[in-house]
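Here are my notes on the model, as numbered points. Please read them with the coordinates open.

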Amino acid sequence: MHAKIGRNDPCPCGSGKKYKKCCMGAPNAAGLNLPETFLKRYNIRLKTPEQVDGMRRCGKLVMQTFDIVRDLIRPGVKTEDINQAVHEFTVKNGAYPAPLNYHGFPKSVCISPNEVICHGIPGERVLKDGDIVNVDITSILDGYYADCNQTFFVGAPSPDARKIVDVARECLRLGLEQAKPGNIVNDISAAIQTYAEGQGCSVVREYMGHGVGLDFHEAPNIPHFRSRWGNTPLAPGMTFTVEPMINLGGKALRVLDDGWTAVTKDGSLSAQFEQTLVITEHGFESLTPFEL
């Protein structure tokens, strides 16, 4: 399948330049194929409209699952109660919770309160007034994946809790503003890092956004900080997550003995927001949209 190449798209030759400033008009231009070139050069599978539609349907289910979760977030609720609700709603709607048994993860959703950065395992921990809690849901519907997470206040938030949640949300919004053809991954990364550090917060390095759609994790990686991995150009049909993990204190973390739960090394609060998106001809579409 030959995708139409826009003037401002990355040139399929892999130069990193815009098509109009590279091979457009060249004798071999008609033979360039964006999906083939991105797969060969970057191992990125650009999605067809039919595949994006499948992801969109999955994303709709993920957001309906969040409607269930939102009603459960209150003091006195166990994180396992949220896990059960996510699992039952997902399966009832003909889907499968992607985290369950993924590399041995034992539950259907990641739930990460307070100092937990990500990959929190639901269990007997009880939510308390003043907590913040991140819920990360990924579903598989008809073979397509969609991934989203949000951080919620439990009861009345402290000033520190409100700050870190607001900063994390704004980091995602600013990162998404840079998601458009002609930009590179580092444009997303720089927007996030500049804002977070400007607010006196830090950006986690060990975990990144990622391609998604036909598998849970695909190319490319999407760092939330400037990096040598960030020179990948953005092109229509790319599907990936942006999911900055922002700490109120330092960026260092440690992983608990369960092998999954990542916590801030200094015990400070951490918050995160995530959406799955597809790059379009003129920008992006969120496939797991919520207000930022």
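1. Start with N149. N149 is buried, because its relative accessible area is 0% and the cut-off for buried is under 20%. The model is a predicted one. N149 sits in strand β5, which covers residues 144–153.

2. What do the side chains of N134 and E274 do around N149? The N149 side chain makes a polar contact of 2.9 Å with the side chain of N134. The side chain of E274 also makes a polar contact with the N149 side chain, at 2.9 Å. Beyond four places in sequence, the contacts of N149 include F66, V135, D136 and E243. Q272, F273 and F290 are also among them.

3. Now H224. This residue belongs to the loop between β8 and β9. Is H224 buried or exposed? H224 counts as buried because its relative accessible area is 0%, against a limit of under 20%. Its side chain reaches the backbone nitrogen of E243 at 3.0 Å. E243 is also listed among the contacts of N149.

4. The surroundings of H224 come from several parts of the chain. Setting aside neighbours within four places in sequence, H224 contacts S189, I192 and Q193, among others. Those three are buried residues of helix α5. Other contacts of H224 include V203, Y207, M208 and G209. V242, E243, P244 and M245 are on the list as well. The C-alpha atoms of H224 and V185 are 9.1 Å apart, with their positions 39 residues apart along the chain.

5. Next, α5 itself. The helix runs over residues 185–198 and has 14 residues. Its end-to-end C-alpha distance is 20 Å, close to the 20 Å expected at 1.5 Å a residue. V185, N186, I188, S189, A191, I192, Q193 and A196 are its buried residues. They pack against α4 (159–177), β6 (202–203), β8 (218–222), β9 (239–242) and β10 (245–247). Just after the helix, G200 has a positive phi of about 80 degrees.

6. One of those packing partners is α4. What span should its 19 residues have at 1.5 Å a residue? The expected value is 27 Å, and the end C-alpha atoms are 27 Å apart, so the two agree. Buried residues of α4 include A161, I164, V165, V167 and A168. C171, L172, L174, G175 and L176 are buried too.

7. Strand β6, another partner of α5, contains S202. At 9% relative accessibility, S202 counts as buried. Its side chain reaches two backbone oxygens: that of G249 at 2.7 Å and that of G250 at 3.3 Å. S202 also touches M245, I246, N247 and K251, leaving out residues up to four places away in sequence. M245 is also a contact of H224.

8. Last, a helix pair. Two packed helices are described by the angle between their axes and the distance between the axes. For α2 (residues 49–72) and α3 (residues 79–92), the angle is about 150 degrees and the axes are 10 Å apart. The crossing of α2 past α3 is right-handed. From α2, the contact uses L61, Q64, T65, I68, V69 and L72. From α3, it uses D81, I82, A85, V86, F89 and T90. By type, the contact residues are eight nonpolar, three polar and one charged.

Key. Residues are numbered from 1 along each chain as its sequence is written. This is a predicted model: local features need pLDDT of at least 70, side-chain atom pairs count only at pLDDT 80 or more; totals for chains, interfaces and linings use all residues. Side-chain values use heavy atoms; hydrogens and water are left out. Helices (H or I, at least four residues) and strands (E, at least two) are DSSP runs, numbered from the N terminus. The expected span of a helix is 1.5 Å times one less than its number of residues. Buried means under 20% relative accessible area, exposed over 50%, partly exposed in between (1.4 Å probe, protein chains only). Contact means heavy atoms within 4.5 Å. Axes are lines fitted to C-alpha atoms, for helices over the stretch in contact, and angles run from 0 to 180 degrees between N-to-C directions. A crossing is left-handed if the near helix is turned anticlockwise from the far one by less than a right angle, and right-handed if clockwise. Ala, Val, Leu, Ile, Met, Phe, Trp, Tyr, Cys and Pro count as nonpolar, Asp, Glu, Lys and Arg as charged, and the others, Gly among them, as polar. A polar contact is a pair of N or O atoms within 3.5 Å; within protein, one must be able to donate a hydrogen and the other to accept it, and residues adjacent in sequence count only if both atoms are side-chain atoms.
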